[in-house]
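Visitor: I would like to learn how to read a structure, one feature at a time. Please show me how.

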Amino acid sequence: MRQPAGDPRRFRFDPMEITPALILNAVIAGLLIGGFYAAVSVGVSISFGMLDVVNIAHPAFILVGSYIAYIVNDRFGFDPILVSLVVSPLFFALGLGIYRVYYVCFERRGQESLRGLAFFFGILFITEVALVLIFGVDYRTASTAYTDTTLRLGGIDFPLRLVVPFAVSMAMVAGLQVFFTHTFFGRAVLAVAQDQLALRLMGVDPVRIKGLAFALSIATASVAGAFLIVIQPVQPSIGREYIGLVFAVCVLGGMGSIWGTLIGALVLGVAESFTSTFVGPSWAPAVSFGLLLATLAFRPSGILGR
């Protein structure tokens with residue numbers, strides 16, 4: 001465990017402190033937070049992995065979803081996750097508009113690699129500044145009937161503020177996987193980055209397909225934003241903390257793989273949980289990204305990548 005400040009030894013593991021219950025709690029906590037990471041990352045898996053659109057502003061849309069859920073919860077008491085499902089069509093429409101601007105200004109001209117990246121950087125920082133001007137820099141949180149409730153089964157804790165988002169996240173990821181593999185539109189999205197000419201010969205407009213798929217990725221941000229404000233307080237700059245994480249999850253799981261994104265998120269969640277429990281919270285990001293680098297070294301395509 002961590003030593004007090006000033007101790008020349010950084011860490012000391014006491015085998016007597018490591019119990020099966022502690023290990024199981026670390027595993028459960030890691031899986032639950034990994035479910036949240038999957039919801040946060042699945043939109044980037046669609047835009048970056050399937051469409052080659054490097055949307056680094058995705059965490060900004062997640063924050064917008066958090067603040068919308070906060071406003072409705074604060075004024076009317078509605079559950080944030082329910083609110084996110086209701087407003088997700090608005091995020092879908094927002095995604096359609098943003099992709100259209102991106103396509104006309106950058107992708108159609110072949111300038112999406114650098115200028116398109118700057119475009120999403122601009123969206124990220126404009127959104128952050130707007131949230132600061134509207135809400136200030138104070139942390140905001142949502143109140144639900146299950147926020148402070150923890151189920152305890154056989155010495156294992158199941159905090160409902162993590163369990164509920166985990167369950168909804170699993171349903172969302174499974175639904176997206178079924179959608180992309182069992183519908184014509186889903187298969188067209190999977191093919192759009194591989195052979196656009198073949199799609200055109202089949203009478204499919206790749207630009208329209210990419211626009212709808214990008215809009216779907218933004219719609220998932222609404223739900224992830226509700227999860228975020230249920231799990232922890234939020235403030236406008238917190239989105240930056242998730243930029244590296246979402247791309248790490250996508251690369252670790254395999255570019256464009258929904259199941260891979262889920263597995264990568266769970267692996268990173270468990271890795272961070274074990275590190276936080278047995279070493280210290282400050283080391284969790286380093287271990288997670290170290291795991292990512294090791295995966296890239298031995299399997300560059302990711303866990304389920306082709």
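Visitor: How much space lies in the largest pocket?

Guide: This is a predicted model, and in it the largest pocket holds about 580 Å³ of space. There are 25 residues lining this pocket, and the closest to its centre are Ile33, Tyr37, Gln232, Tyr242 and Glu272.

Visitor: Which helices each supply at least two residues of that lining?

Guide: Helix H1 (20–50), H5, helix H9 (243–253), H10 and helix H11 (284–298) each do so. Sorted by class, the lining of the largest pocket consists of 15 nonpolar, seven polar and three charged residues.

Visitor: Now the cavities. How many are there of 30 Å³ or more?

Guide: A pocket is open, whereas a cavity is a space from which the probe cannot get out. The count here is one cavity of 30 Å³ or more. The volume of the largest cavity is about 50 Å³.

Visitor: Which residues line the largest cavity?

Guide: The lining is made of Pro59, Ala60, Leu63, Leu124, Thr127, Glu128, Leu131, Pro236, Gly239 and Arg240. Two elements, helix H2 (58–76) and helix H4 (115–135), give two or more residues to it. H4 gives the most, with four residues. By class, the lining of this cavity has six nonpolar, two polar and two charged residues.

Visitor: How do I describe two helices that pack together?

Guide: Two packed helices are described by the angle between their axes and by the distance between those axes. Take H5 (residues 160–182) and H10 (residues 258–278): their axes come within 9 Å and cross at roughly 155°. An angle over 145 degrees counts as roughly antiparallel, and H5 and H10 are therefore roughly antiparallel to each other.

Visitor: Which residues make the contact?

Guide: From H5 come Phe166, Met170, Val173, Ala174, Gln177 and Phe180, and from H10 come Ile258, Trp259, Leu262 and Leu266. By class, this contact has nine nonpolar residues, one polar and no charged.

Visitor: In which sense do strands S1 and S2 pair?

Guide: Strand S1 (residues 150–153) and strand S2 (residues 156–159) pair in the antiparallel sense, over four bridges. To follow the pairing, go from a residue to its bridge partner. The partner of Thr150 in S2 is Pro159, and that of Leu151 in S2 is Phe158.

Visitor: What lies between the two strands of this hairpin?

Guide: The hairpin of S1 and S2 has two residues between the strands, and Gly154 takes a positive phi near 60° there.

Visitor: Which residue other than glycine has a positive phi?

Guide: Asp52 is one of the places to look, with phi near 60°. Asp52 lies in the loop between H1 and H2.

Conventions
Residues are numbered from 1 along each chain as its sequence is written. This is a predicted model: local features need pLDDT of at least 70, side-chain atom pairs count only at pLDDT 80 or more; totals for chains, interfaces and linings use all residues. Side-chain values use heavy atoms; hydrogens and water are left out. Axes are lines fitted to C-alpha atoms, for helices over the stretch in contact, and angles run from 0 to 180 degrees between N-to-C directions. Angles under 35 degrees count as roughly parallel, over 145 as roughly antiparallel, 65 to 115 as roughly perpendicular and the rest as oblique. Contact means heavy atoms within 4.5 Å. Ala, Val, Leu, Ile, Met, Phe, Trp, Tyr, Cys and Pro count as nonpolar, Asp, Glu, Lys and Arg as charged, and the others, Gly among them, as polar. Two strands pair if DSSP finds at least two bridges between them. On a 1 Å grid over the protein atoms alone, a cavity is a set of points where a 1.4 Å probe fits but cannot get out, and a pocket is an open set with protein on both sides within 12 Å along at least five of seven lines; lining residues have an atom within 4 Å of a point. Grid points are joined across faces, edges and corners, and a volume is the space filled by probe spheres set on the points.
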